[in-house]
Amino acid sequence: MFNKNEIEQQVAEFLLQIKAIKLQPDNPFTWASGWKSPIYCDNRITLSHPTIRTYIRQQLALIIQEEFGAVGCIAGVATAGIPQGALVAQELGLPFIYVRSKPKDHGTGSLIEGEVMPGKRIVVIEDLISTGKSSLQAVEALRSAGYEVAGLAAIFSYGFDVATENFKQAKCKFFTLSNYNALIKYAEQHQYISSDNADILRKWRSSPETWGQ
């Protein structure tokens, strides 16, 4: 049985330690959506650190076993979910496929890469959940291909209410190794940020679409 709080804090520590997550309340980032944000997350950096990469792989595999039971395949979401998903599939000894963001414009025009096996019970792997939109597009593609999607597991979530609602509407369970609340708690306790900046970061999460305007 995994210790949820312990894993959340350990993953938060790793992500801050290797600067996969950067916190800059005084010099915010601009996301592709146009949102101003005091946080930026790039979990691809974990792949360059074998100890952290191994821990994430093992904990994602454990979540799948504990929360989803027996599954027959693992799917990664392009692009950042592909390597994480392949590692998890290797850990569990399962087939692996991945879902493109759109069908390729040549050859077979595939949206799903790998051997498609309709009827298989599958878990989707993501690196990061923001609104959940791209993740759920992959879920729908897999359902349309005949898979039974047991749910989704990811490394980190911003914990937006819209994501929770989107997954609920899609009837898709999801679990993450760590999340925004756990990260801010760890960052404040271990002096990555001041208490004042922790308050700013909490306020951003409550209304990210208008923050900084």
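In this predicted model, one aromatic cluster is formed by W31, W35, F156, Y158, F160, Y180 and W204. The structure as a whole holds 15 aromatic pairs, and two of the pairs that involve W31 are set out below.

| Pair | Centre to centre | Angle between planes | Geometry |
|---|---|---|---|
| W31 and W35 | 5.8 Å | 25° | stacked |
| W31 and Y158 | 5.0 Å | 40° | tilted |

The pair of W31 and Y158 links distant parts of the chain, since W31 lies in the loop between β2 (29-30) and β3 (36-37), whereas Y158 lies in the loop between β9 (148-157) and α5 (161-169), with 127 residues separating the two. Both partners are shielded: W31 has a relative accessibility of 15% and therefore counts as buried, the cut-off being under 20%, and Y158, with a relative accessible area of 3%, is buried as well. W35, the stacking partner of W31, is likewise buried.

**Nonpolar cores**

Y158 and F156, both members of the aromatic cluster, also appear, together with I21, L23 and L183, among the residues with the most contacts inside the largest nonpolar core, which has 45 residues. Helix α2 (residues 50-68) supplies the largest share of this core, namely seven residues. Leaving aside residues up to four places away in sequence, L183 touches A12, L16, I21, L23, I39 and F156. Another core, of 23 residues, lies apart from the largest one and includes V99, A154, A170 and C172.

**Strand β6 and its neighbours**

V99, one of the residues of that other core, belongs to strand β6 (residues 96-99), along which the side chains alternate: I97 and V99 point to one face and are buried, while F96 and Y98 point to the other face and are not buried. In a regular strand, side chains alternate between the two faces of the sheet.

Strand β6 pairs with two other strands, in opposite senses: with strand β5 (residues 73-77) it is parallel, over four bridges, and with strand β7 (residues 112-113) it is antiparallel, joined by two bridges. On the β5 side, I74 stands opposite F96 of β6, and on the β7 side, the bridge partner of V99 is I112. Between β5 and β6 the chain passes through helix α3 (residues 81-92), and the resulting β-α-β crossover is right-handed.

Technical notes: Residues are numbered from 1 along each chain as its sequence is written. This is a predicted model: local features need pLDDT of at least 70, side-chain atom pairs count only at pLDDT 80 or more; totals for chains, interfaces and linings use all residues. Side-chain values use heavy atoms; hydrogens and water are left out. Rings of Phe, Tyr and Trp (its six-membered ring) pair if their centres lie within 6.5 Å; planes under 30 degrees apart count as stacked, over 60 as edge-to-face and the rest as tilted. Buried means under 20% relative accessible area, exposed over 50%, partly exposed in between (1.4 Å probe, protein chains only). A nonpolar core is a set of buried Ala, Val, Leu, Ile, Met, Phe, Trp, Tyr and Cys residues joined through side-chain atoms within 4.5 Å. Contact means heavy atoms within 4.5 Å. Two strands pair if DSSP finds at least two bridges between them. A crossover is right-handed if, with the strands pointing away from the viewer, the path from the first strand over the helix to the second runs clockwise.
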